[in-house]
Amino acid sequence: YMFENFKKMQFKMPKKFSAWHIIIAFTFFIFLQMYLMNPGIRDISYSEFKKLVRDGDVLECHITNTMIRGRLREMEKGTTKPAIFITARVEDPDLVKELEFVGVKYEGHYESPWFKTFFFSWVLPLLILFVIWRFVFKRYGPAGSIMTFGKSKGRLYAQEDLNVTFDDVAGIDEAKWELQEIIEFLKTPEKFRALGGKIPKGVLLVGAPGTGKTLLAKAVAGEAGVPFFNMSGSEFVEMFVGVGAARVRDLFAQADQKAPCIIFIDELDALGKSRGANPMGGHDEREQTLNQLLVEMDGFDSNKGVIIMGATNRPEMLDSALLRPGRFDRQVVVDRPDLHGREAILKVHAKEVKLEEGLDMHSVAAMTPGFVGADLANLVNEAALLAARRNKKSVSMPEFEEAIDRIMTGLEKKKRLMNKKEKEIVAHHESGHALIACSLPHADPVRKISMIPRGIGALGYTLQKPTEDRYLMTRAELLDRIAILLGGRIAEDIVFNEVSTGAQNDLEKATEIAKMMVKEYGMSEKMGLVTFEQGNRPLFLTGGFAASKEYSEETAREIDLEIKKIMDDSFVRVKALLTDKKEILIGMAKTLMEKEVIEGDELRKLLEELHKANGKKDG
């Protein structure tokens, strides 16, 4: 029975000691030493000590630089044990004479200060530095040793840890097909070796943020059933010289032992930027790390089954030596998903979400042009949270529509108070956008118009729903987009004979479109088929400073005049259209002020009624 209790007590004992355990134990031992182990000591004043000497009550004393310790004749608690006293040492030239006069046995002791000096000058500072060193560098290795700096920080995932296959990746079928060859080589390398073929050493995944590059790399490892080394490009470079290169060597050494395997370097542009980018000159630690990576990629044999995969959303910044054949010689574009791809991605993320029966994911995908995989995952999660907040048992279309509005325009702010004048301006502004969008032949249909504030600065918004995915834009379509953006500002001018600051973002977007038409797309009759932009060249290619214009000041002036001409022509076009439909504009704004939100179908019915009331046909 006692043995069983002892085992239970052992089971309840803490497995790890914390700092509080040490502090409590230390305090306990000090208490024992002070109150139990030490004999009773009487602390007296120096004057009382002198009186005891004169009275002959002091048997002996021990004199040091700072104190006097001795024994008294008096008895303690009826015993014959002399009492012990202690007092502070005072400069007293007559003390020795008085002790000799009364016959007190005394002895002196000289305390050398070298130990205290050594301890406080050397030992204690070194201890403090050691504690700080352990605290700061503990994260760099399991033992906190500086020798672990050169070890790779790559996280190794075994097959059972990944649990990701191509079934979890949707919407990027072309990229999946391109990587099938890599999977086949990792599974059956003999098939390629028999013909003398060599698998590409490096595969570079290029795509916008959130398109699923990292997930695709994990899926390749999961399909092939091989270990997966995952590391970010920024984890190679540290503040100490040579650490990055040492980590590259260690990573490839580990991968060689685990072959066949996949090395995945995420955000490769953090490590592989073009060399010579430092305008101040000197040796860059990042360049040394990149040089070591290039050497390691040249040095290992791909037939062992070690595949290097990298991911970046800024391929134009990579060093050309990384992209040559024999290194990252195969580039796989992970593009934004199209309509069918978005639908497939939504279905993957909605597997664990309880959806309303009959919910059409195709319609949801049609409302999300330009969304990438991360956006769609966030969309499904936001819709599920909204349904839970509304105490619904399943997620339905209204939650998805509200989630899309929240992602695209920001949080709804129903409690933001606006005066009557501002409400009228916002209502006419958004009605101007919607009326122009419904009147132009190349505009996308309007899905919703609202005057409820959202986000940081949006007092209202007009959402358009594309009928299909578009990859090219004609000149007429771009001009219609500029017209829609100007519709709000011109509507304010026509109704109130004044303008507000609400069109600031619209003017920025419209001016940017006109600028690209003239400088990049060659859509200006006067400037001709010439582009005046160098593309998205990174700053390091120009030495870290802004690139100079490759055209004259006269040409720059003509470009500005052409941009202004496009804006002026669009202004005249929109103003004529809104002036002709002023009554319809006012009627739309009045209805919007009453309802605050008008859906697409309701807006089209309202326009039909307003056209009939004004005796006009829809332009």
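**Helices, loops and burial in a predicted model**

Trainee: In which helix does Lys519 lie?
Mentor: Before we look for Lys519, keep in mind that this is a predicted model. The stretch to find in the structure is residues 504-519, and this stretch, in which Lys519 lies, is helix 18.

Trainee: Is Lys519 buried or exposed?
Mentor: Leaving aside neighbours within four places in sequence, Lys519 is in contact with Val530, Thr531, Phe532, Glu533, Tyr551 and Ile559. The contacts alone do not settle the matter, and the relative accessible area of Lys519 is 13%. Since a residue counts as buried under 20%, Lys519 is buried.

Trainee: What percentage of the residues of the chain count as buried?
Mentor: It helps to begin with the chain as a whole, which has 21 helices and 14 strands, and whose accessible surface comes to about 36,300 Å², with 57% of that belonging to carbon and sulfur atoms. Of the 619 residues in the chain, the part that counts as buried is 40%.

Trainee: Among contacts between residues at least 6 apart in sequence, what percentage join residues at least 24 apart?
Mentor: Here we set aside pairs that are fewer than 6 places apart in sequence and keep the contacts between residues at least 6 apart. Among these contacts in the chain, the part joining residues at least 24 apart is 72%.

Trainee: How are helix 3 and helix 4 placed relative to each other, roughly parallel or roughly antiparallel?
Mentor: The axes of helix 3, residues 46-55, and helix 4, residues 95-102, come within 10 Å and cross at roughly 30°. Where they meet, Tyr46, Phe49, Lys50 and Val53 come from helix 3, while Leu95, Glu98, Leu99 and Val102 come from helix 4, and by class this contact has six nonpolar, no polar and two charged residues. Because angles under 35 degrees count as roughly parallel, helix 3 and helix 4 are roughly parallel.

Trainee: What word describes helix 16 in relation to helix 17?
Mentor: Helix 16, residues 420-439, packs with helix 17, residues 475-496, at an angle of about 135°, and their axes are 7 Å apart. An angle over 145 degrees would count as roughly antiparallel and one of 65 to 115 as roughly perpendicular, so helix 16 is, in relation to helix 17, oblique.

Trainee: How many residues in the contact of helix 16 with helix 17 are nonpolar?
Mentor: Helix 16 passes helix 17 in a right-handed crossing. The residues of helix 16 that take part include His428, Gly432 and Ile436, and they meet residues of helix 17, among them Ile484, Gly488 and Val495. When the residues of this contact are divided by class, six are polar, four are charged, and the number that are nonpolar is nine.

Trainee: How far apart in space are Thr467 and Asp444, C-alpha to C-alpha?
Mentor: Thr467 is found in the loop between strand 13 and helix 17, where Thr467 is exposed, with a relative accessible area of 64%. In sequence Thr467 and Asp444 are 23 residues apart, but in space, C-alpha to C-alpha, their separation is 6.9 Å.

Trainee: Near what value is phi of Asn391?
Mentor: Look in the loop between helix 14 and helix 15, where Asn391 is found, and note that Asn391 is exposed, with a relative accessible area of 69%. Asn391 is a residue other than glycine whose phi is positive, with a value near 60°.

Note on methods. Residues are numbered from 1 along each chain as its sequence is written. This is a predicted model: local features need pLDDT of at least 70, side-chain atom pairs count only at pLDDT 80 or more; totals for chains, interfaces and linings use all residues. Side-chain values use heavy atoms; hydrogens and water are left out. Axes are lines fitted to C-alpha atoms, for helices over the stretch in contact, and angles run from 0 to 180 degrees between N-to-C directions. Helices (H or I, at least four residues) and strands (E, at least two) are DSSP runs, numbered from the N terminus. A crossing is left-handed if the near helix is turned anticlockwise from the far one by less than a right angle, and right-handed if clockwise. Contact means heavy atoms within 4.5 Å. Ala, Val, Leu, Ile, Met, Phe, Trp, Tyr, Cys and Pro count as nonpolar, Asp, Glu, Lys and Arg as charged, and the others, Gly among them, as polar. Buried means under 20% relative accessible area, exposed over 50%, partly exposed in between (1.4 Å probe, protein chains only). Accessible areas come from the Shrake-Rupley method with a 1.4 Å probe; for residues, only the protein chains shown count as cover.
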